[in-house]
Structure formats: C-alpha cells, structure tokens
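Here are some worked exercises to try with the structure open in your viewer. Have a go at each task before you read its solution.

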Amino acid sequence: MGLKLADKEQVVAALQAKLINAQAMAVAEYRGLSVAQMTALRVAARKQSVHVQVVKNTLLKRVLTGTDFAVMEPLLTGPLVFAASEDPVAVAKVLSDFAKGNDKLVITGGALGAKLMDAKALQQLSKMPSREELLAKLMGTMQAPISTFVRTLNEVPGRFVRTLAAVRDQAA
C-alpha cells in the first residue's frame, strides 16, 4: 500500500528538518537484513546521535534537491538505508562498525557537505577519532603547559620550605 501525497509531503518535510544541521550523510544497501538487525543498527546509531531511516529513493531525492547532499543522487538505487548526523565521523563509524558484523549491509557511499564520497572514503573517515576524542586531546594539549607552569611555581616555595627545614634540622 503506497503513501498518499499528503503523507509523502510530511515524510519529505520531516527528513528536510533532520538534514538542516547535518554535516554528513551516507547510504547503504540493507537487502537481507532482518528486522532485529535493523533495530540493532538503529539503536547503535541513536547512541551516536545519528539519524538512520529507510525511505523510498524518490522521496529521498526530493529531500536532497537544493541541498549540498544533492551530489548523492547517483547513489540512490536499490533498497537503501540512509544515515545523517552533525558529526561526520559518527555516521561513518556507525555504518562501518555495523557492516563489519553484518556482511549483508553494504555501504554504497555518502557525502561530506557537497563532496561525494565512495565506500572506501567512508571507511577512512570511520577510522578518525570522534569529535569528543579530538576535543579531549585538544584540551589535554592546551592544559599541559599551564599545569607544568603551575607545578613550577609551586616548586619554588616548596623548595624554600624544604631548605628551611634542613637548616632547622642541622641547627638542632
């Protein structure tokens, strides 16, 4: 049973709202996956703030029209699941990690902004650290000189106190 025009318009509007802040999008062929496997994919994606949905290719083409992701139109053939997120690495990681355990999920390609990416490029993107990991490394790098400086400043009075204690012990 097909969707009525009003339902299709509602689906397109909802997807466009999801893609407003998206930095990256990817599509994968899901032929042969069970409902339980698709549910597991959605759960894993939700944990990473990645939107995963199965939608008809014609509706997805309408959603992508006029956006940076319009470059993905040649990839939209066959039964596809699409994933989109503000974090480009999260999209690639969710799909590639799930594809490692489920050989029936075949990553077709994706887009990072207006740049079309093939499956190999998505695999490379998935190996990058996540946004949170990069921010943690940046904060650690920024804090290292400050903490070293504070330790150095604390060492001067500490050394002075130890010297006074040594003089006091010698005098006694």
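**Exercise 1. Place Val150 and work out whether it is buried or exposed.**

Step 1: Val150 sits in helix H6, residues 131–171. Helices here are DSSP runs of H or I with at least four residues, strands are E runs of at least two, and both are numbered from the N terminus.

Step 2: The relative accessible area of Val150 is 41%, so this residue is partly exposed. The scale, using a 1.4 Å probe and protein chains only, calls a residue buried under 20%, exposed over 50% and partly exposed in between.

Step 3: Now go from Val150 to Glu133: they are 17 residues apart in sequence, and their C-alpha atoms are 25 Å apart in space.

Before you go on, a word on the model: it is predicted, so local features need pLDDT of at least 70 and side-chain atom pairs count only at pLDDT 80 or more, while totals for chains, interfaces and linings use all residues. Residues are numbered from 1 along each chain as its sequence is written, and side-chain values use heavy atoms, with hydrogens and water left out.

**Exercise 2. Describe how H1 packs on H3.**

Step 1: Helix H1 (residues 5–19) and helix H3 (residues 57–64) have axes 9 Å apart, at an angle of about 50 degrees. Axes are lines fitted to C-alpha atoms, for helices over the stretch in contact, and angles between N-to-C directions run from 0 to 180 degrees.

Step 2: That makes H1 and H3 oblique to each other. The cut-offs are under 35 degrees for roughly parallel, over 145 for roughly antiparallel, 65 to 115 for roughly perpendicular, and oblique for the rest.

Step 3: On the H1 side, the contact (heavy atoms within 4.5 Å) uses Lys8, Val11, Val12, Leu15, Gln16 and Leu19, and H3 brings Leu59, Arg62, Val63 and Leu64.

**Exercise 3. Do the same for H4 and H5.**

Step 1: The axes of H4 and helix H5 (residues 119–126) are 8 Å apart, with an angle of about 110 degrees.

Step 2: H4 and H5 are therefore roughly perpendicular to each other.

Step 3: Pro88, Val89, Ala92, Lys93 and Ser96 of H4 meet Leu122, Gln123, Leu125 and Ser126 of H5.

**Exercise 4. Which elements give two or more residues to the largest nonpolar core?**

Step 1: Define the set: buried Ala, Val, Leu, Ile, Met, Phe, Trp, Tyr and Cys residues joined through side-chain atoms within 4.5 Å.

Step 2: The largest such core has 23 residues, and Leu41, Val50, Val52, Leu95, Leu105 and Leu122 have the most contacts inside it.

Step 3: The elements are strand E1 (24–29), H2, E3, H4 and H5. H4 gives the largest share, 8 residues.

Step 4: Zoom in on Leu105: leaving out residues up to four places away in sequence, its contacts include Ala28, Tyr30, Val81, Leu95 and Phe98.

**Exercise 5. Compare two loop residues, Asp87 and Ser49.**

Step 1: Asp87 is in the loop between strand E3 (80–85) and helix H4 (88–101), while Ser49 is in the loop between H2 and strand E2 (51–54).

Step 2: Asp87 counts as buried because its relative accessibility is 14%. Ser49, at 59%, is exposed.

Step 3: Asp87 touches Ser130, Arg131 and Glu132, not counting residues up to four places away in sequence.

Step 4: Check the backbone of Ser49: its phi is near 60 degrees, a positive value in a residue other than glycine. Most residues other than glycine have a negative phi.
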